[in-house]
Amino acid sequence: MRKVVGIDGTFLKGQYRGVLLVATAQDGNGQCYPLAWGIVDSENEDAWSWFLTQLKEIIGDTDELALISDRAPSIKKAISTVFEKAHHGACAWHVAQNIKNKFKCADIMGSYWSAVNAYRCEDFTGYMIEISNRYPRVAEYLENEVGFEKWSQCHYPGLRYNITTTNMVESLNNMLVNARDFPYVALLDVIQEKMSKWWNDRRIVAMAITTPLTPSRESELRPRFAQSNGRHTSQLNPITYHVKGGELEGMVDIFNKTCTCKEFDIDKLPCVHAVAAAHHAQVSVYSLVSPYYTKEYYLLAYGETIYPIGSQSQWDVPNEVVTRIVLPREVKEKKRGRPKTSRFPSVGEFRKRKNRCGKCGAYGHYKKKCNSQTGSTKGNPPTNVPV
């Protein structure tokens, strides 16, 4: 499993409220691979420190580990306290939302995302010049307040494998959008059932794979075989090859698995230059691929079975846990009125409101553009939506 972990929290809406903290990685096929779940009172430094301490027991602490999150101060402090060697990166999507909200400059997002995903520092500098020329305050914010090393993959001190956001965590939160109303035990049962199904389904997929790599990585690598045709490759020494052709030349080191285009370095998947160099050296391209993308590692990731906990009567609970007195958390009195079921939009997130015609009552157009020949049906249910 690639050592890139996304962490985030989502509010629970049951009787005792609280927050569900999640840590997840990505498997070699680009799918969510949940590592840890935890329920806490609220998102604060103590809660995150406890959660990350438990996570550290599972994944350890190394300078090859990358932790990706939003820029909440509580998460930042907890990570710096618990993980002394790991590198902390900011979710590029959350940084983008902060930019749009703080500086009102949504039109610069194209240059921003190009800077985020730039492999080479030279390309990154060009995009930052575009941003600086139009919005100097945004460029200053990205460099001094956030820091290039937090959101730009070419400046990141560790390995992110082109994972720049916490979308993998958001996917898990969306999966539990209805279960967040459940009591704690029922919520955990839903999580266990979902993970048991994932592990079994993905194990079946992994066993049926006939290629050396996972399906997503195979489909990403295959086109590069054709793209490498026609490239002029010359050997400079036993491990270094110079590849010409296309928009960018590449200097490939097949022993250290690097290329001057930096795609090979960051993604750990051979770029077009590396594929051309491998063909010239008569070396298997697949030998240059990170083992995390192989079928063998994919099978190992889902080799174990996640079993249900079973009924409470079958639990083997230690006596020290049975005798421990645990009081329910204090819950503020609920506000009057119908409880809100939809979440508030995040900072910078906008929801488009549907227009309803004042003549026919249908959604999607105004009265002036209505083609209906009937009279007004205002006050009656619209005809093109379910009632």
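In what order do the five strands of the open sheet line up? They go β3-β2-β1-β4-β5, and the pairing is mixed. Keep in mind that this is a predicted model; pLDDT averages 87 over the chain, with 89% of the residues scoring at least 70. Here's a quick tour of the sheet, the helices that sit on it and the stretches to treat with caution.

**The sheet**
- On the outside you'll find β3 (32–40) and β5 (87–90), the edge strands, each of which pairs on one side only.
- Going from one strand to its neighbour, the turn is 25° on average, with direction ignored.
- Strands β1 (residues 4–11) and β4 (residues 66–69) run parallel, and three bridges join them.
- If you want a spot to look at in the model, try Gly6, which has Ile68 of β4 standing opposite.

**Helices on the sheet**
- Helix α1 (residues 45–59) packs on the sheet and touches β1, β2 (19–26) and β3. Its direction makes about 140° with that of β3.
- Helix α9 (residues 184–208) also packs on the sheet, where it touches β2 and β3. For α9, the angle between its direction and that of β3 is about 170°.

**Low-confidence stretches**
- Over residues 346–350, pLDDT stays under 50, and the model gives this stretch nine contacts beyond four places in sequence.
- Residues 376–387 also have pLDDT under 50 throughout; here the model has 17 contacts beyond four places in sequence.

Key:
Residues numbered from 1 in each chain as written. Predicted model: local features only at pLDDT ≥ 70, side-chain atom pairs only at ≥ 80, totals over all residues. Heavy atoms only, no water. Pairing = 2+ DSSP bridges. Helix = DSSP H or I, 4+ residues; strand = E, 2+ residues; numbered from the N terminus. Axes fitted to C-alpha atoms, helices over the stretch in contact; angles between N-to-C directions. Contact = heavy atoms within 4.5 Å. pLDDT = per-residue confidence, 0-100.
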